[in-house]
Amino acid sequence: GWLFRRVTACGKRSGDSKRQVILFILGFCVCQSGAETLHYSLAEEMERDSFVADIAKDLGVPVNQLAARKARVVSEGSEQLFRLNQNTGVLTAKESLDREEICPQSDTCKLVFKIFFENPLQLIRGQVEIRDVNDNSPVFPEKEMVLKILETASPGSRFPLESAQDKDVGSNGLQNYSLGSNPHFSLAIGAGKDGVKYVELVLQQQLDREEQEELNLLLTAIDGGSPPRSGTAQVRIVVVDANDNIPIFEREVYEVCLAENSPLEHLVVRAVAADPDEGSYGELRYSFAQTSERSRQLFQLNPATGEIRVAGNLDFEEAKTHKMVVKATDGGGLSAHCKVEIEVLDMNDNAPEIALTSLTASVPEDAPPRTVVALFNVRDRDSGDNGRTECSIDGDLPFSLTPTFDNYYELRTAAALDRESTAQYNITITATDWGTTRLSSRENMLVQLSDVNDNPPEFTQEIYTMSVTENNSPMLRIGSMNATDADAGKNARVNYALVRQEGKEQPEVSVNAENGDVYVLRPLDYEKMRAFEVLVVLVRDRGHPPRSATASLAVALVDGFSEAHLRVSEEAPVADPDGPLTLYLIASLACVSAVFLATAVAAVVVKVRRARRSETETLPTFPTIATESSAGSLPRSYVYDVCFAAGTVNSEFRFLRPLFPCFPTGLPPGPGEQRSSVCSQDVANVGEEGD
């Protein structure tokens with residue numbers, strides 16, 4: 001107690017941060033030593049939510065730390081009997097507690113609980129002793145007991161009576177017996193080695209059947225409570241005629257060892273008595289006397305043979321011994337008694353039980369080795385080696401188990417973790433006992449790894465090459481840059497940005513910060529700038545601290561398809577002929593060429609059809625040569641169809657002049673004359689004169 005008060009005083013003077021450090025050191029020492037235990041007591045049958053203790057005050061922990069550190073109380077076993085208020089630090093009972101129901105076989109009833117803190121992990125033991133109150137009266141197994149006593153019984157003879165049972169313990173338990181006033185009998189009260197009181201009738205005065213055949217006595221059992229409680233039973237004495245011999249058992253005490261997994265109907269012992277009398281006086285009947293109700297449920301006695309057999313499921317963990325009294329009564333009412341003491345042997349019939357106490361919701365992937373992930377307890381209800389346990393982790397996982405105390409284990413990290421390779425671990429804990437036939441149980445724990453920003457973004461390419469046709473529209477999208485990040489959440493979300501260097505002009509492009517799309521800011525002129533590089537593109541994630549990567553961007557300015565292909569081929573870096581980029585470029589070029597060829601063929605077909613239709617519909621009919629020679633030189637009409645391919649680099653066409661025959665006289669030939677060769681100056685190149 002001095003240690004808690006001393007540490008608390010220092011913590012208040014030094015501030016909250018020092019208090020947490022001191023409490024962590026104190027909790028660590030308590031967990032390692034296991035010697036510091038909180039002791040409390042509570043009377044049974046108190047109403048629910050009854051006050052048990054002020055845990056915060058006793059531990060010297062500020063109340064605001066209880067909720068901050070997720071303090072909670074855990075009772076041993078499956079039923080949680082106590083509740084810890086994190087706002088006040090008060091420990092209360094969840095329900096009204098009945099000592100006789102919780103600890104039916106024990107004189108003392110102590111309930112063990114543990115208080116757990118997190119941030120950092122801390123465990124403190126405590127126990128509450130349930131004090132007995134006098135809420136049960138002594139009860140006899142039967143309301144009436146019948147004794148047949150031979151009238152020749154000598155004074156001083158003793159006759160055992162059924163003992164009363166009182167579920168209370170200590171001073172509240174059975175303390176004394178009293179017998180109604182009568183001239184023949186008195187009571188003798190004794191106690192066995194186990195402290196259980198027994199009562200016997202002692203004959204004080206000789207009986208005379210002819211004078212009185214029956215006597216009715218009132219037997220009262222009294223406990224030591226305040227006020228005392230009592231229970232009564234009638235004792236009816238039947239006086240019988242003389243029976244010279246009483247039954248005699250072979251032994252006064254029968255001691256038997258019995259395995260707890262013994263099957264039903266298994267023979268335990270034969271408690272046999274003999275009576276030398278003949279007739280009905282020599283016939284014996286066997287029955288239980290001074291035997292608890294539970295023992296009567298677990299064992300059955302054959303009234304004719306005295307054989308005791310198993311009638312219920314024995315459990316070493318419930319009761320290690322059973323004590324019974326067997327009564328043999330002959331036909332004349334004479335009886336004898338023997339004791340049967342059965343020791344139950346423990347068998348490995350209980351598998352270990354794993355109870356998870358605390359499990360961290362998620363573990364950072366950069367957690368150092370030996371970081372505590374979970375705390376759990378292993379319990380085996382068997383004894384000796386049958387109750388001794390060991391724990392292991394199934395599979396080759398980066399975790400280890402560290403035993404602490406009182407069968408508690410810590411699950412710790414054993415190696416470096418990487419969320420990108422394994423995001424979660426399904427850990428199977430196996431607990432095995434040391435019995436001859438080893439029993440085991442398993443518990444699965446799912447451990448999630450939380451992401452830390454330990455991976456930088458990566459571009460899909462080191463260099464991106466894009467092209468744009470001159471006189472483009474502003475904010476024209478010309479391509480996209482893509483980067484990925486192996487992390488998760490905000491650590492994997494990336495932003496793109498152009499890195500501007502001092503002394504350099506503002507770049508002609510911009511990059512969308514969210515998706516990496518590349519845009520040309522303004523119209524470009526091929527004659528002024530044929531290509532430019534965007535000096536570096538930076539991609540950065542949103543982790544803390546952020547991580548980044550860079551890539552280069554080259555832009556080629558072209559004024560046609562051919563020169564675009566040429567410029568890209570000349571300025572792009574040499575690609576791996578077997579790489580995916582080369583395949584993509586070849587496929588793209590093939591697709592564009594096919595589209596272009598199909599367009600050109602379609603255009604030619606359309607033009608030819610138009611020309612034929614024009615000749616048949618609009619062209620005039622020319623006169624024959626003879627007519628021409630006779631009429632002189634007539635004007636001729638010529639129609640020229642000129643086609644230009646879209647995107648042609650140098651626009652050029654030739655204009656064909658009319659073909660005139662060359663005559664020596666400079667006149668057209670007459671009838672019957674032959675044409676001379678065509679003049680050499682029949683084609684005029686007008687390509688340089690403009691469109």
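# A walk through the contacts of a predicted chain

Ser-171 touches three residues beyond its sequence neighbours up to four places away: Asp-223, Gly-224 and Gly-225. Keep in mind as you look around that this is a predicted model. Where does Ser-171 sit? Find the loop between strand 9 (158-160) and strand 10 (174-179), and Ser-171 is there. Now pick out one of its partners, Gly-225: along the sequence 54 residues separate it from Ser-171, yet C-alpha to C-alpha the two are 6.2 Å apart in space.

Next, some charged partners. How many salt bridges does the structure hold? The count is 23. Take Glu-76 and Lys-114, whose closest N and O atoms are 3.2 Å apart in a salt bridge. This pair links distant parts of the chain, with Glu-76 in the loop between strand 3 (72-75) and strand 4 (82-84) and Lys-114 in strand 6 (residues 110-117), 38 residues apart. Are the two residues buried or exposed? Glu-76 has a relative accessible area of 47%, so we call it partly exposed. Lys-114 has just 2%, so it counts as buried. And there's a wider group to trace here: Glu-76 and Lys-114 are linked with Arg-125 and Asp-406 in a network of salt bridges.

Another bridge joins Glu-307 to Arg-270, with the closest N and O atoms 2.8 Å apart. Here, too, distant parts of the chain are linked: Glu-307 belongs to strand 21 (residues 307-310) and Arg-270 to strand 17 (residues 267-270), 37 residues apart. Glu-307 is buried because its relative accessibility is 15%, and the cut-off for buried is under 20%. Arg-270, at 46%, is partly exposed.

A helix gets involved in the next one. Glu-318 and Arg-294 meet through their side chains in a salt bridge of 2.9 Å, N to O. You'll find Glu-318 in the loop between strand 21 and strand 22 (321-329), while Arg-294 is in helix 6 (residues 293-298), so to speak across a gap of 24 residues in a link between distant parts of the chain. Both partners are partly exposed: Glu-318 has a relative accessible area of 33%, and Arg-294 comes in at 29%.

Let's turn to the cysteines. A disulfide is a covalent bond between the sulfur atoms of two cysteines. How many does a search of the whole structure find? It finds one. That disulfide joins Cys-103 to Cys-109, with 2.1 Å from S to S. The link of Cys-103 and Cys-109 is right-handed, with 60° about the S-S bond, and both of these cysteines are buried. Look at two further cysteines for their surroundings: Cys-257 is exposed, at 54% relative accessibility, whereas Cys-391 is buried, at 18%.

Now for the rings. A pair of aromatic rings is described by the distance of the centres and the angle of the planes. The whole structure has nine aromatic pairs. In one of them, Phe-82 and Phe-113 have ring centres 5.9 Å apart and planes at 55°, so this pair is tilted. Phe-82 is in strand 4 and Phe-113 in strand 6, 31 residues apart, which makes this a link between distant parts of the chain. Both rings belong to buried residues, as Phe-82 has a relative accessible area of 3% and Phe-113 has 0%.

Compare that with Phe-376 and Tyr-409, a stacked pair with 5.6 Å centre to centre and 15° between the planes. Because Phe-376 lies in strand 26 (residues 372-379) and Tyr-409 in strand 29 (residues 408-413), the pair ties together parts 33 residues apart in sequence. Phe-376 is buried at 0% relative accessibility, and Tyr-409 is buried at 10%. Elsewhere, ring pairs link Phe-116, Phe-405 and Tyr-408 into a cluster.

Rings can also meet charges. Over the ring of Trp-434 sits the charged end of Arg-388, 3.8 Å from the ring's centre. The charged end of Arg-438 sits over the ring of Trp-434 as well, 5.8 Å from the centre.

Finally, find Thr-430 in strand 30 (residues 424-433). Is Thr-430 buried or exposed? Its relative accessibility is 5%, so Thr-430 counts as buried. Leaving out neighbours within four places in sequence, its contacts include Glu-390, Cys-391 and Ser-440. Arg-442 is another contact of Thr-430, and a polar contact of 3.4 Å joins the side chains of these two residues.

Notes. Residues are numbered from 1 along each chain as its sequence is written. This is a predicted model: local features need pLDDT of at least 70, side-chain atom pairs count only at pLDDT 80 or more; totals for chains, interfaces and linings use all residues. Side-chain values use heavy atoms; hydrogens and water are left out. Helices (H or I, at least four residues) and strands (E, at least two) are DSSP runs, numbered from the N terminus. Buried means under 20% relative accessible area, exposed over 50%, partly exposed in between (1.4 Å probe, protein chains only). A polar contact is a pair of N or O atoms within 3.5 Å; within protein, one must be able to donate a hydrogen and the other to accept it, and residues adjacent in sequence count only if both atoms are side-chain atoms. Contact means heavy atoms within 4.5 Å. A salt bridge is a side-chain nitrogen of Lys or Arg within 4 Å of a carboxyl oxygen of Asp or Glu. A disulfide is a pair of cysteine sulfur atoms within 2.5 Å. Rings of Phe, Tyr and Trp (its six-membered ring) pair if their centres lie within 6.5 Å; planes under 30 degrees apart count as stacked, over 60 as edge-to-face and the rest as tilted. A charge sits over a ring if NZ of Lys or CZ of Arg is within 6 Å of the ring centre and within 35 degrees of the ring normal.
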